[in-house]
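Subject: Structure for your review

Dear colleague,

Please find below the structure that I am handing over to you, together with its sequence. My notes on it follow directly after.

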Amino acid sequence: MATPPDVLPAPSSPPAPVPIRRGAATTTATAPDLWAATARIVPRRRTGQWISAAVALLLFAMAVNSLVRNKAFQWDVVAEWFTATSVMNGLTLTLWLTAVTLGLGFVLGTVLATMRLSANPVLRTLSWIYIWIFRSTPALVQLLLFFNIGALYPTLGLGIPFGPEFVTVRTVNLFGPTFTAVVGLTLLEAAYAAEVVRGGILSVDRGQLEAAAALGLGRWRVLRRIVVPQAMRSIVPTAGNMLISALKGTSIISVLAVSDLLYSVQLVYLQSYQVIPMLMVATLWYVVITTVLSVGQFYVERHFAKGATREGLPPTPLHRARAAYRRLRAVADEAAPGETGTSGAGTGGTGTGGTATGKDAR
């Protein structure tokens, strides 16, 4: 049975608009708009994060306090010897050894990696034996063995096997401390570099090589345009780690009386008995050089990351600083909208005044 129209309840009237003041202007809004404007978003409480951050900052402050206030470090002596001539000469030799051994090591390692990936079983076996031997023995043992190689081979010659020798040299005159360090560290780095290069080459998708061969591209062009750019994304991080390890690994040549950075500071503290401050000099220089190399590694990785992801290149610290500055500017502008309108009105008034002045002048 239908209900007569006069019996039906009357429709509820819409909520009256509520005035809302925004800056200098006044607008009207309904109840839902008013609720959305006055609602307060309560952030999630992260008590564990705040506690862990406070504990970490406390431990960091304690460590900094111990470094600054402990007089045993003798920071005045560290500052005096930090740029001394003997220390700088040792640092120069350390950097030279790092560059030479790692450069020659990667050249030899690339050859070994190519042999390891070759279809020739003899080349694969010889490359595997070389890598196995030099990765299985400690670096210090290898250096001492090369330094005393004269006990095994008093002379080295070049000539026909089982025949006459054209050139002969005494091993004692050939393997000096510096040359021994170069040879020993180069052969050691080559074994690790071979595996790094081989891993980078194997990371390239095989289908891309097949597509390049189907397009008729030459082997050199495929290697230069397809294999190397993609393999470098896997090689650079490990190669950067090897570079830093090679820089610090040069300190073991001090046992051969080579005047690197560590041996130079050792000569100083053996005479002055200032062991801790001189070791801090070497430590700070290693930290500085390692930091510079890490920054360079970041930009090299960023260069070879082109086209690797759809998001684009990773932002640099400068880009992050600019983005943070823009966010702060946006927050500051939103916090004081009335000041912006007042400033604009003042500017308009100034412009009007300027125009009137111009009319009066005419």
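I begin with threonine 98, which is found in helix H4. Please bear in mind throughout that this is a predicted model. Threonine 98 counts as buried because its relative accessibility is 5%, and the cut-off for a buried residue is under 20%. Its partners come from far along the chain: leucine 247 is 149 residues away in sequence, yet the two C-alpha atoms are 5.4 Å apart in space. Apart from neighbours within four places in sequence, threonine 98 is in contact with Leu243, Ala246, Leu247 and Thr250.

The chain as a whole

The protein chain has 362 residues, of which 25% count as buried. Its secondary structure comes to 14 helices and four strands. Of the contacts between residues at least 6 apart in sequence, 65% join residues at least 24 apart. The accessible surface of the chain comes to about 25,000 Å², and carbon and sulfur atoms account for 66% of that surface.

The largest pocket

Rolling a probe the size of a water molecule over the atoms shows where empty space is left. In this model, the largest pocket holds about 1,100 Å³ of space. It is lined by 34 residues, and those closest to its centre are Ile201, Leu223, Val227, Val228 and Ala231. Five helices each supply at least two residues of this lining: H4 (85–116), H8 (177–202), H9 (206–214), H10 (219–249) and H12 (275–304). The largest share, 14 residues, comes from H10. By class, the lining divides into 24 nonpolar, six polar and four charged residues.

The second largest pocket

How much space lies in the second largest pocket? The value is about 200 Å³. The residues that line this pocket are Thr101, Ala139, Leu185, Leu188, Glu189, Tyr192, Met242, Ser245, Ala246, Gly249, Thr250 and Ile252. The elements that give two or more residues to this lining are H8 and H10. The lining has seven nonpolar, four polar and one charged residues.

Two of the contact partners of threonine 98, Ala246 and Thr250, are also listed in the lining of the second largest pocket. Alanine 139, another residue of that lining, lies in helix H6 (residues 139–147). Is alanine 139 buried or partly exposed? With a relative accessible area of 23%, alanine 139 is partly exposed, since burial requires a value under 20%. Outside its neighbours within four places in sequence, alanine 139 is in contact with Leu188 and Ile252, and both of these residues also appear in the lining. Alanine 139 and leucine 188 are 49 residues apart in sequence, while their C-alpha atoms are 7.1 Å apart.

The hairpin of E3 and E4

Strand E3 (residues 155–159) runs antiparallel to E4, and five bridges join the two. Within this pairing, leucine 158 stands opposite valine 167, and glycine 159 stands opposite glutamate 165. The two strands form a hairpin with five residues between them. Strand E4 (residues 165–170) is hardly covered, as the count of buried residues among its six residues is zero.

Residues with a positive phi

Most residues other than glycine have a negative phi. Several residues in this model depart from that pattern, and you may wish to look at them in the display.

- Phenylalanine 162, in the turn of the E3 and E4 hairpin, has a positive phi of about 60°.
- Glutamine 74 has a positive phi near 50°. Its place is in the loop between helix H2 (47–69) and helix H3 (75–81), and it counts as partly exposed at 30% relative accessibility.
- Tyrosine 273 has a positive phi of about 60°. Its place is in the loop between helix H11 (261–272) and H12. Tyrosine 273 is exposed because its relative accessible area is 70%, and the cut-off for an exposed residue is over 50%.

Yours sincerely

Key
Residues numbered from 1 in each chain as written. Predicted model: local features only at pLDDT ≥ 70, side-chain atom pairs only at ≥ 80, totals over all residues. Heavy atoms only, no water. 1 Å grid on protein atoms, 1.4 Å probe; cavity = no way out; pocket = protein on both sides within 12 Å on 5 of 7 lines; lining within 4 Å. Points joined across faces, edges and corners; volume = space filled by probe spheres on them. Nonpolar A, V, L, I, M, F, W, Y, C, P; charged D, E, K, R; others polar. Buried < 20%, exposed > 50% of the residue type's maximum accessible area, 1.4 Å probe, protein only. Contact = heavy atoms within 4.5 Å. Areas by Shrake-Rupley, 256 points an atom, 1.4 Å probe, with all protein chains shown as cover. Pairing = 2+ DSSP bridges.
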